[in-house]
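Reader: I'd like to zoom in on a hairpin and then follow the strands and the long helix elsewhere in the chain. Could you walk me through what sits next to what, and spell out the cut-offs as you go?

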Amino acid sequence: MTDDQPQPPPLPTPPPLPQPARLPDPGALRDPAQIQRSEQTRTYPCPQCGANLFYDPGHQRLACRACGHTEPLTAPQGTVTKRDLGTAMHDLAQRIAAGEHGRPRSLTREVVCQNCGGRTSFEGTLTATKCPYCATPIQRNDLQQAPERLPIDGVLPFQVDESAAHRAVNEWINSRWFAPREFKTYREVGSFTSIYLSYFTYDAQTVTDYTGQRGEHYTVVVGEGENRHTETRTNWWPVSGRVANDFRDVLEPANTGLDHKKVVALEPWPIPSAQPYSPQYIAGHLSRTYDEDAQQRFEDGARGQMDDEIRSTIRQDIGGDEQRVGQVSTSFRTLTFAQLLLPVWLLTVTFEGRPFQVFINGVTGEVQGRRPWSKVKIACAVLLAIIVVVIVVLVVKMTKGG
Ligand SMILES: [Zn+2]
Ligand SMILES: [Zn+2]
């Protein structure tokens with residue numbers, strides 16, 4: 001059978017544009033939140049007394065400090081799904097270009113507190129704050145669904161409550177030598193807040209081709225007579241090969257303006273127990289969204305963490321006694337990410353005009369921070385040390401003389 005008029009090949013159906021995972025608004029699940037449509041904000045008024053509910057880490061419920069009323073969470077439970085980084089960033093760029101201004105809009109926004117009428121502004125990447133006049137916790141409701149922002153995918157809810165956080169920070173401060181007394185009485189001069197910080201976590205499967213050299217040790221006997229001894233030397237053999245790596249939850253902080261080293265030192269976090277994002281976990285706490293997006297944090301942070309790990313896999317693969325790594329070429333079979341909110345208690349103490357930050361991991365209680373040094377205490381200690389040395393010298397001289 002001949003086919004004189006070959007049929008044109010069917011047009012490939014374009015793959016459906018992957019949509020970023022949007023969680024159903026938990027409002028549909030009998031969320032006790034009150035949404036202020038004009039202000040695009042969200043509060044959690046107590047149904048019994050009208051004060052505010054907060055997410056209570058101790059009981060993992062919504063609770064009212066004023067009347068003691070509590071409610072169970074209605075946030076969906078489950079696991080956090082990750083999205084392909086390339087697709088998500090491509091879609092984000094398209095949504096930004098199609099947006100009103102063709103560029104990301106400013107995050108800063110002023111809202112009117114629906115409790116007292118006072119104006120408060122959300123600066124930078126802050127998405128949940130407290131009204132400065134009446135302390136009502138207010139969440140922005142317009143960012144999670146904003147087309148020109150990556151959505152929050154998951155959250156590790158606070159487990160360390162305020163009194164436990166105070167105990168942890170007291171212990172840390174009291175164990176610091178030479179801290180000024182004023183710093184130790186931080187309760188009067190510092191601010192202590194619970195805040196969710198933004199992170200990106202990455203999964204990846206990589207394949208890496210490499211060249212290098214394997215060094216093998218051998219010993220030779222050198223020298224004559226009394227100088228005769230053995231020396232270790234290395235033979236180098238050229239090698240090449242391929243290694244595969246499987247990365248799970250490579251974590252990168254996404255907020256700027258914080259002490260990066262100390263924030264990183266709060267690790268490890270129990271990332272596998274993160275829950276799908278719900279604003280209920282944020283009730284009564286502060287929260288931020290990312291300052292640097294998932295692509296930036298990958299290029300400036302996660303990629304380096306992965307490269308270090310890949311090099312160590314290459315060294316194992318080369319084997320021998322020593323290794324030299326030459327050319328390395330890595331391709332990513334998969335690269336996915338999720339935006340997570342992680343809980344931190346943050347103590348800020350301004351001492352002699354300088355701010356000092358102390359961070360407490362809101363899940364594990366790990367404390368990391370910087371503190372001032374007391375010049376007076378250090379001077380006293382140095383003086384004391386000198387006196388001790390002088391006495392010891394005198395005693396030694398006297399016993400020798402006697
Ligand atoms: Zn109440
Ligand atoms: Zn207010």
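Author: Let's start at the hairpin formed by S7 and S8: six residues lie between the two strands, and Gly-117 in the turn has a positive phi of about 85°. Bear in mind that this is a predicted model, where local features need pLDDT of at least 70, side-chain atom pairs count only at pLDDT 80 or more, and totals for chains, interfaces and linings use all residues. As for labels, residues are numbered from 1 along each chain as its sequence is written, while chains are lettered from A and ligands numbered from 1 in the order in which they are written.

The names S and H stand for DSSP runs, numbered from the N terminus: strands are E runs of at least two residues, and helices are H or I runs of at least four. S7 covers residues 109-112, and four bridges join it to S8 in the antiparallel sense. (Two strands count as paired if DSSP finds at least two bridges between them.) One of those matches puts Val-112 with Arg-119 of S8 as its bridge partner. That same Arg-119 sits on the uncovered face of S8 (residues 119-122) along with Ser-121, whereas Thr-120 and Phe-122 make up the covered face.

Now for another hairpin, the one that S16 and S17 form with two residues between them; here Glu-352 in the turn has the positive phi, about 50°. S17 takes in residues 354-361 and pairs with S16 over eight bridges, again antiparallel. Thr-350 has Pro-355 in S17 as its bridge partner.

S16 has other partners too. With S12 it shares 25 bridges, running antiparallel, and in that pairing Tyr-202 stands opposite Phe-337. The short strand S6 (residues 83-84) joins S16 over two antiparallel bridges, with Asp-84 partnered by Thr-336. S11 (residues 154-155) goes the other way: its two bridges to S16 are parallel, and Val-155 stands opposite Leu-341.

The long helix comes next. H6 bends by about 40° at Ala-302, where the bend is the angle between axes fitted to the seven residues ending there and the seven starting there. Its buried residues are Ala-294, Arg-297, Phe-298, Gly-301, Ala-302, Met-306, Ile-310, Ile-314 and Ile-318, which puts the bend residue Ala-302 on that list. (Buried means 20 or more other C-beta atoms within 10 Å of the residue's own, exposed means 12 or fewer, and partly exposed is in between; the C-beta atoms are placed from the backbone.) Those buried residues pack against H1 (85-98), S12, S13 (229-253) and S16. Just past the end of H6, Gly-319 takes a positive phi of about 70°.

H6, S12 and S16 turn up again when you look at the domains. An automatic or database domain assignment supplies the bounds: domain 1 is 26-205 + 245-308 + 335-371, and domain 2 is 206-244 + 309-334. Taken over C-alpha atoms, their centres are 45 Å apart. Nine residues from domain 1 and 11 from domain 2 make the contact, with two residues in contact if their C-beta atoms, placed from the backbone, lie within 7 Å. On the domain 1 side, the elements giving two or more residues are S12 (190-222), H6 (294-318) and S16 (322-351). H6 gives the largest share, four residues. By class, that side has three nonpolar, four polar and two charged residues; here Ala, Val, Leu, Ile, Met, Phe, Trp, Tyr, Cys and Pro count as nonpolar, Asp, Glu, Lys and Arg as charged, and the others, Gly among them, as polar.

Zooming out, the protein has seven helices and 18 strands. Its radius of gyration is 29 Å, well over the 21 Å that the globule rule gives for 402 residues, so it is more spread out than a compact globule. (The radius is taken over C-alpha atoms, and the rule is 2.2 Å times the number of residues to the power 0.38.) The C-alpha trace spans about 90 × 90 × 40 Å along its principal axes, and 30% of the 402 residues count as buried. Among contacts between residues at least 6 apart in sequence, 71% join residues at least 24 apart.
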